[in-house]
Amino acid sequence: MKKYILSIDQGTTSSRAILFDRKGSLVASASKEVNLVYQKEGYVEADATEIWSSVVDVINNVLIKANVKWEEIDSFGITNQRETTVIWEKKTEKPVYNAIIWQSRQSQYICEKLAKKETIIHNKTGLIINPYFSASKIRFILDKVDGAQKRAEKGELLFGTIDTWLIWKLTNGKVHATDTTNASRTLLFNINTLKWDKDLLEIFNIPEKMLPEVYSSKHDYGKIEYFNRDIHILGVAGDQQASLFGHTCFKEGDCKNTYGTGCFMLMNTGSKPILSKKGLLTTIAWTIDGKTTYALEGSVFIGGAAIQWLRDGLKVIKEAPEADESALKVKDNGGVYFVPAFVGLGTPYWDDDVRGTIFGMTRATNRHHIVRATLEAIAFQSKDVFDIMSEESQIVIKSLKVDGGATNSNVLMQFQSDILQIDIQKPCCLESTALGVCYLAGLQSGFFKSLKHVKDCHDVKAEFSPKMPANLAQNYTKSWTNAVKAARLFKA
Ligand code: ADP
């Protein structure tokens, strides 16, 4: 009997391979760093060939580490950094340019020229015109590389997000495909018709011939010919959607927040896309058995990064785990509020000009208050996204599932539960992203029989319930809102 599913989690700075058993428990993992290339101010790129070889390495390494044989592997799942764009020659498999990473702003000028198309693009894709998404990155490469546009029109060049690139390499160039979640981040995919959209392709002047086939997130993407094994890739999803699935957020209103460097909140909104007027993105959560589920998505730019700043910038802690120790040395924030808008504010403010500001200090303020206010700021920013989500969807969110490095802070988790006045659930396996595609692949192979079976396998490790009275939570929130307002008024 096959014992394991192997999930590949290809992220911005590292590639990982993770083995899960039949219960969805993590058995072993291997990781390898990927170098980023910064050619110019605002450019973030990586060598797509290095990304691929790092994936080969971690696959081999995890099998060796866990002493698992190929014969014991049921199937593969792939989850990936989204939007990152690779274009390669069909014949030689050689990328024609570096992979342009999602963070990169190098195609900003292309987006600026298309400002008039904002409404049509928003209605079709649920996104906004922004260099973050793939379309302008493709345009950038087709403009930059000699003859690329013509070659793409002839079908000699192929485009893919990282999932597509890895599927292509793993199947030895037999399959050029992506799933709906990744397609929905390109700015070229119509989330209503579930097809590449002719109008959008025209707006960006991108030849359809270079685009991959789009399939369900749970689908047989083909055999891993590269390793010469009869093992198939059966689950594919972009990282944030995979995480939503990995948290078993299967029902409308189910919501997760990832507390990494930044924070990513996604809520399952059911079978219809909800278009936001307040800066949330609408995205495909997954497509399973012909049924597409949608999600709303919001992000906080500075989440755990604020803790890094306490460590590296302010130097008031030596390591991230000291944040809790320090915060607990004071009974509350002492009236101190910190808006960590180091790079502006994301959802729902979308204010690029605001900068980090600390309010409410007195002679009695000490570093522990600042640390506490920093942890609280991560929770307040997440609450801002959360409130907009429930307002725009008109869905009452009953609990929040969490993952990411900063969930190690119990002070943060408790405060988040307090100000949201809902329960917070932290799963046993914090690798929700990899687990999400393990579940998708396992549902396709029969490893998992049903969504209910998946839910039964899923364990919660820690639960935080509100301890703060509701009126106190409201007062805190009011002060935070005032702090954000004041921070936004300041101009240097
Ligand atoms: P990413 O995937 O964005 O690299 P991770 O999920 O690995 O992020 O989380 C890293 C972040 O978590 C860092 O910004 C770090 O400051 C924060 N972090 C890690 N441990 C703690 C802790 N005990 N308390 C608070 N923040 C923490």
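With a relative accessible area of 30%, F301 is partly exposed; that label covers values between buried (under 20%) and exposed (over 50%), computed with a 1.4 Å probe on protein chains only. This is a predicted model, where local features need pLDDT of at least 70, side-chain atom pairs count only at pLDDT 80 or more, and totals for chains, interfaces and linings use all residues. Residues are numbered from 1 along each chain as its sequence is written, and side-chain values use heavy atoms, leaving out hydrogens and water.

F301 sits in the loop between β17 (291-300) and α10 (304-312). Helices (H or I, at least four residues) and strands (E, at least two) are DSSP runs numbered from the N terminus.

Now for some backbone geometry. Most residues other than glycine have a negative phi, and most peptide bonds are trans. Two non-glycine residues with positive phi are worth a look in your viewer:

| Residue | Phi | Loop between | Relative accessibility |
|---|---|---|---|
| E93 | about 65° | β6 (86-89) and β7 (99-100) | 22%, partly exposed |
| N172 | about 55° | α6 (162-170) and β9 (177-179) | 41%, partly exposed |

There is a cis peptide bond to visit as well: T347 and P348 are joined by it, with omega about -5°. P348 belongs to the loop between β18 (337-339) and β19 (357-359).
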